[in-house]
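Biologist: Please take a close look at the nonpolar core of this protein. I would also like to hear about its cysteines and about how far the model can be trusted.

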Amino acid sequence: MPNQFITTDLVSNTALAMFANNAPFVMTASRIYQDDFVSSGYKIGDTLQVRRQNHFIVGDGSVATPQSIIETVESIVVAHQYHALIAYTIQDLSLRIEDFSRLFISPAIQEIITQMEKDLGAAAEQELNFFTGTAGTPINSFTTVDTAGAKLLEQGVNIAADAYMAMTVRDGSSLKGALLNNFTPVFNEDIVRSSAIGHLSYFDIFQSQNIKRHIAGAGPRLNSGDALLVNGAVASGNTIIMDGATINIANYFVVGDVISIAGVQSVNPVGRASTGQDMQFVVTANSSSDGAGNITVLVAPNIISDTLNPNRNVSNAVPNDAAVTMVGSHNVNVAYPARALDIVCPPLYKLQVPYASVAVDPETGLSLAVTQTGDILGYQNYMRLDLLCGFKWHPQYACRVLS
């Protein structure tokens with residue numbers, strides 16, 4: 001005989017467990033701001049301001065100069081309410097929970113997870129400026145992985161613990177093939193990820209079908225031989241004018257393109273020593289070349305070259321005639337510690353219907369709402385699963401690993 005009628009509470013708890021066990025990006029992210037979103041009844045569009053780490057210039061000697069605090073903030077916006085709506089019959093609800101989960105809950109949860117992780121990958125494509133690896137070349141060596149760790153360390157990122165690398169399924173297969181015997185079978189017993197590969201260099205590595213493939217603008221793709229040069233030194237701001245582009249090319253650069261500029265190095269934010277590596281930027285708006293081959297490009301992060309500014313991020317102003325290197329289409333694999341990605345999933349209020357439940361995982365703060373109702377006109381029952389979510393990548397703590 002079938003088991004007893006499946007309650008909404010049972011469905012919500014079962015669905016939440018499925019979500020927690022199949023979302024590698026979500027489960028490796030930082031949840032330190034989760035509590036700030038719990039008690040205030042947040043909804044789509046609500047924002048939490050997050051203060052970034054303050055920096056100070058250290059003096060030497062008995063005389064001290066007062067420094068103003070230059071605070072910078074980033075916003076976590078509750079921008080998504082992922083949901084799935086399932087139509088079912090009373091006979092369906094008389095199934096055992098295992099069968100009901102297999103037929104209805106599991107497919108719905110998988111779609112919600114996939115959409116959420118695709119959005120996380122798309123955000124990484126648009127926001128992360130630092131990069132290692134080679135576009136078009138698979139990740140198939142220890143050196144490629146280890147260099148990503150070196151990149152983060154140069155930028156003052158602590159990856160001694162809770163450091164991860166997410167890569168495409170194909171890149172993961174290439175890496176496993178090249179280093180077949182190098183992976184430990186279990187690297188974190190507290191986090192269950194079926195896509196986990198193992199631990200290599202600094203990173204716990206996992207594969208994901210939701211890594212974003214960035215399609216570069218027409219410049220990097222079709223006019224890679226252009227010798228782009230900076231047209232006018234830039235000491236601060238987010239605008240770089242270049243010349244040397246093929247004339248009248250629409251969308252020469254598109255959002256998510258990455259470039260590096262010779263003659264100006266990135267600096268370690270703690271102490272501001274030069275890393276010796278060319279500074280890298282991500283393009284934040286589509287831009288086209290004009291009839292003279294000039295192109296105005298908006299980039300992130302903002303250029304700060306003032307040596308008296310504790311938030312300085314480049315060794316010197318971007319010089320005139322500095323060579324610009326473009327990067328072609330690539331997979332946006334990501335190397336990051338947990339603090340590079342903040343996720344909040346505040347609990348939704350239950351709808352005022354007889355069958356509604358909100359399940360909250362006490363360890364991760366994940367919250368999932370399940371609501372059941374019926375359509376008296378269409379004589380149909382419905383079950384709705386909802387997840388309220390906000391997330392934010394912090395580019396200073398992460399880098400792309402191109403492939």
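Modeller: What follows covers confidence, then the core, then the cysteines. This is a predicted model, in which local features need pLDDT of at least 70 and side-chain atom pairs count only at pLDDT 80 or more, while totals for chains, interfaces and linings use all residues. Residues are numbered from 1 along each chain as its sequence is written, and side-chain values use heavy atoms, with hydrogens and water left out.

The average pLDDT (the predictor's confidence in each residue, from 0 to 100) is 82 for the protein, and 78% of the residues score at least 70. Residues 1–5 stay under 50, and residues 186–193 are also below 50.

The largest nonpolar core (buried Ala, Val, Leu, Ile, Met, Phe, Trp, Tyr and Cys residues joined through side-chain atoms within 4.5 Å; buried means under 20% relative accessible area, with a 1.4 Å probe and protein chains only) has 86 residues. Helix 4 (a DSSP run of H or I, at least four residues, numbered from the N terminus), residues 97–127, gives the most to this core, with 10 residues. F253, Y336, I343 and W393 have the most contacts inside the core. Beyond four places in sequence, W393 is in contact (heavy atoms within 4.5 Å) with residues including F25, L120, A124, Y336 and L341. Another core, of 5 residues, lies apart from the largest one, and F131, V282, V327 and L402 are among its members.

The count of disulfides (pairs of cysteine sulfur atoms within 2.5 Å) is 0. The sulfur of C345 has its closest cysteine sulfur in C389, at 4.3 Å, so the two are too far apart for a bond. C345 is buried at 0% relative accessibility, and C389 is buried with a relative accessible area of 0%.

Key:
Buried means under 20% relative accessible area, exposed over 50%, partly exposed in between (1.4 Å probe, protein chains only). Helices (H or I, at least four residues) and strands (E, at least two) are DSSP runs, numbered from the N terminus.
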